[in-house]
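Hi there,

Here is the structure I promised to send over. Have a look when you get a moment, and then read on for my notes.

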Amino acid sequence: MGSDSALIEVIILAVVAGFLILRLRSVLGKRHGEERPRYKDADRYVGTRPKADKNAPASDSAADNVTPLPGVPRPSIDAAPPFGPAAKLHALDPEFNADEFLGGAREAFAMILSAYASGDRDTLRSLAHDDVYEPMEAAITDRESRGETLDATVIAIQTAGIDDVEVEGSVARVTVRLKSEQTNVLRNADDQPIDGAPNQVETIVDLWTYERDMHSDDPNWLLIETQPGD
């Protein structure tokens, strides 16, 4: 009698366990549209430290508190600096970030072209060295004296990359190769196009060189030279 009772209990437990397994598979094995999206910039959280537990025993190594994200390799503490032209800048300023610099170079490119077209001398003065500003300002004055206007639009910057880096002491000069799509229309005093057309899109490659003292507290880069690319 006792063995029959035990057998019945085992059968009941097996049935319950099977039911639970099926329930779990029905939930975990399907996407239900409420999953939490993955962080787009999750890589930046690799190596972040969790909040310390005051009651936990002290660890012999600070690295024991680092929790890498699943599937992402844990960076080496002694990681080598970047190679290529950016390595020269990293040597002057370990905080230098090539992606952030190129993002700023893109913005400056569009702002300077827009300021040149609209005759915004203040913006040009703040972003360009005298060697670049003075010829631009002279061209603006000459254009205004004839009553001409320039409509210039940067439709898209297709690519932007560091082409060359020169370092002299703490001063860095970075040449950026920019490939962009633009429309440029010069109009006379009667608002008639005399060069270019509104629907004429040009693909233009420029080489712009920016300069900055990497040991200075001023984070701004100045445009010191422009030339056409090939």
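Below is what I found, starting with the core and moving on to one helix.

Please keep in mind that this is a predicted model. Its largest nonpolar core holds 31 residues, and the members that touch the most others are Leu89, Phe101, Val176, Trp208, Tyr210 and Trp221. Two or more residues each come from α2 (85-92), α3 (98-118), α4 (121-127), α5 (130-145), β1 (149-168), β2 (171-187) and β4 (202-213). The largest share is that of α3, with eight residues. In general, nonpolar side chains in soluble globular proteins tend to be buried together.

Trp221 is a good residue to click on. Beyond its neighbours within four places in sequence, Trp221 is in contact with Leu89, Phe96, Phe101, Leu127, Ala172, Val174, Tyr210, Glu211, Arg212 and Met214.

Now for α5. With 16 residues at 1.5 Å each, α5 should span 22 Å, and this agrees with its end C-alpha atoms, which are 22 Å apart. Its buried residues are Val132, Tyr133, Met136, Ile140 and Arg143. They lie on the same side of α5, because they cover an arc of only 95 degrees around the axis. An α-helix has 3.6 residues a turn, so residues three or four places apart point the same way. The buried residues of α5 pack against α3, α4, β1, β2 and β5 (222-228), while Asp131 and Ser145 are exposed on the other side of α5. After α5 comes Gly147, with a positive phi near 75 degrees.

Happy to look at it together whenever suits you.

Best wishes

Definitions and conventions. Residues numbered from 1 in each chain as written. Predicted model: local features only at pLDDT ≥ 70, side-chain atom pairs only at ≥ 80, totals over all residues. Heavy atoms only, no water. Core = buried A, V, L, I, M, F, W, Y, C linked by side-chain atoms within 4.5 Å. Buried < 20%, exposed > 50% of the residue type's maximum accessible area, 1.4 Å probe, protein only. Helix = DSSP H or I, 4+ residues; strand = E, 2+ residues; numbered from the N terminus. Contact = heavy atoms within 4.5 Å. Expected span 1.5 Å × (residues − 1). Arc of directions from axis to C-beta.
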